[in-house]
2 protein chains.
Amino acid sequence: MSEYNPGMDDNVLNNVDGNANIVILAGGVGGAKLADGFAQIVSSENLTVIVNTGDDFQHLGLTICPDLDTITYTLAGEANVESGWGRAGETWRTISEVSRLGGPDWFRLGDLDLATHLVRTEMLGAGHTLTEVTRHLCRQFGVGPAVLPMSDRPAPTIVETPEGRQPFQEWFVKNGWQPAVKKIHLPQDVQATVSVLWALEKADIVVIAPSNPFVSIDPILNVYPIREMVADLPEAVVAVSPIIGGQAVKGPAAKMMEEMEMPVTAQAIANHYDDLIDIFVYDTVDKGNVQSQHELLCTNTIMKDRAERLRLAREIMNFTMELINQ
Amino acid sequence: MSEYNPGMDDNVLNNVDGNANIVILAGGVGGAKLADGFAQIVSSENLTVIVNTGDDFQHLGLTICPDLDTITYTLAGEANVESGWGRAGETWRTISEVSRLGGPDWFRLGDLDLATHLVRTEMLGAGHTLTEVTRHLCRQFGVGPAVLPMSDRPAPTIVETPEGRQPFQEWFVKNGWQPAVKKIHLPQDVQATVSVLWALEKADIVVIAPSNPFVSIDPILNVYPIREMVADLPEAVVAVSPIIGGQAVKGPAAKMMEEMEMPVTAQAIANHYDDLIDIFVYDTVDKGNVQSQHELLCTNTIMKDRAERLRLAREIMNFTMELINQ
């Protein structure tokens, strides 16, 4: 079931006539925005988002899956667009009281957001898989596309720093991206779920969202056999640069690249995905600064509102379909 | 440590000169009210409340201890006096959202109350005992008296009905005291904590609060060696009837007594505790209807406000001290 055998699949181009099957590999905010763009142009049954669970952690007794929640809330139109995480119209009564009671309050759990973690934890405790729980939550939120955790097993991303190793959320939230990153450690022998395997087998186009390559996308690709399937199966693999003009739109990607002694450029991102992709999408700010053996799409990649998400998704879609149909 | 050896203790009367050590055995609301009465007349270092944990359960991933919380909130002056459970000024944002997400909403977790369960669950997960967690929470709530869970191990009370056995909270809250109770099952071989042993060794007076005898007090007495220590060690053991005029002030005690084919009377309560007590306290409504080999205190046992809690505690204290000093 978890064996990857490319010989078993004929890599049939399923429906690349406007009904192409799109699979997006996504982390949090950037991935969620692009997924929402595709959700506006692709029917739900043709759209799957495979989501990083390397950031997931246990906290206050609850199982918290930040990226799954950001994707779900965004696709539901219930994300907090100002903060980029959590729910719109959120309140903070419980976490304020946790703080008063001397409990850990560094991870800001909103009153609405808490409900998601409570229901998830209850369902996991009752024996449901994370895939089943996520499907249930998406249905309750009215989210149509398939949102899939990359794995049903914990696959924690560990950040190595000069002061030792830290679980991702502690480094990311509790310690505010400190200290410097020396290396990212991903767990060995994590297996993709059957749902992920099905989705990738049927994928015509895989889009690597403009999420952090090291702590959002690499953890997904590290889950066996996702990297192999992405490399072999789809008609086209598209990556969108999260680095624009030497900066990350959001999050610590640029800081990490500096600390890991990489140039903080869209080019470095193109190189990072070089063995996987057919198309690299980067921002007009970096026009002329990216060289690649692959196809290049240079466009406005900032998605300030839903219309811009749609526009970027459509541009990627049109560009990719043209390439496929050549 | 958990061995009860009465020969090792001389049953010294510690300070029965106004500084008597009082230990209250308590369930939820009735116990909390009487504990609050004693807290108004006894200094914190002389007052211990040993609390039923037979109602504790796991729900939505959290460890919930209804009686410990009722006692803590009441002693902190933060209990909801209208409902008799939960926090004053409570709101319900998270549980409403849990409901919307298709999660179990039969146990009404308030936003403030949730913080207690989150902090408790976090601390238990980090390896603290329930006694340590309760001490921490009491300090945060500014509660002076020692509030002690009867045991640090789960000791679930099970309700046997004609339709099978139910965990207590499911029968009590989810199923609204249905179906009829045939029998209460208490776990075997539960051991008291060291803190409970210390408190009982030093106790001059043990007060059995007007809590449900079958699902609040018996679970405490069932924890080894609490029954033996209560029977042997203190100068006086006082029980307060939760049955007044054939009814329970609150909760299913009367209904249970009917279903278990006991007369629903204060007399039946006196009989229930006959082998343990020196003094039985019952309400003026039942004047003349209780016979006992023990001392009887007939007074107003309803505690409608803090002043009435204080008055009842003082009456019990005076009556008991007089008996001890005879």
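How many residues of chain B are in contact with chain A? In this predicted model, in which local features need pLDDT of at least 70, side-chain atom pairs count only at pLDDT 80 or more, and totals for chains, interfaces and linings use all residues, 26 residues of chain B are in contact with 26 residues of chain A (contact: C-beta atoms, placed from the backbone, within 7 Å). Residues are numbered from 1 along each chain as its sequence is written, and chains are lettered from A and ligands numbered from 1 in the order in which they are written.

On chain B, at least two residues of the side that touches chain A come from each of helix H3 (93–100), helix H4 (111–125) and helix H5 (130–140) (helices, H or I of at least four residues, and strands, E of at least two, are DSSP runs numbered from the N terminus). H4(B) gives the largest share, 10 residues. Of the interface residues of chain B, 100% are also interface residues in chain A, so the copies meet through the same surface.

A turn of 180 degrees with a shift of 0.0 Å along the axis lays chain B on chain A with an RMSD of 0.0 Å (least-squares superposition on C-alpha atoms of residues with pLDDT of at least 70 in both). The two copies are thus related as by a two-fold rotation axis. B:Gly61 is the residue of chain B that comes closest to the rotation axis, at 3.1 Å (C-alpha).

Chain B also contains an open sheet of seven strands with parallel pairing, in the order E5-E2-E1-E9-E10-E13-E14 (pairing: at least two DSSP bridges between two strands). Strand E2 (residues 47–51) pairs with E5(B) in the parallel sense over four bridges, and B:Thr48 has B:Ala146 in E5(B) as its bridge partner.

Technical notes:
Two residues are in contact if their C-beta atoms, placed from the backbone, lie within 7 Å.
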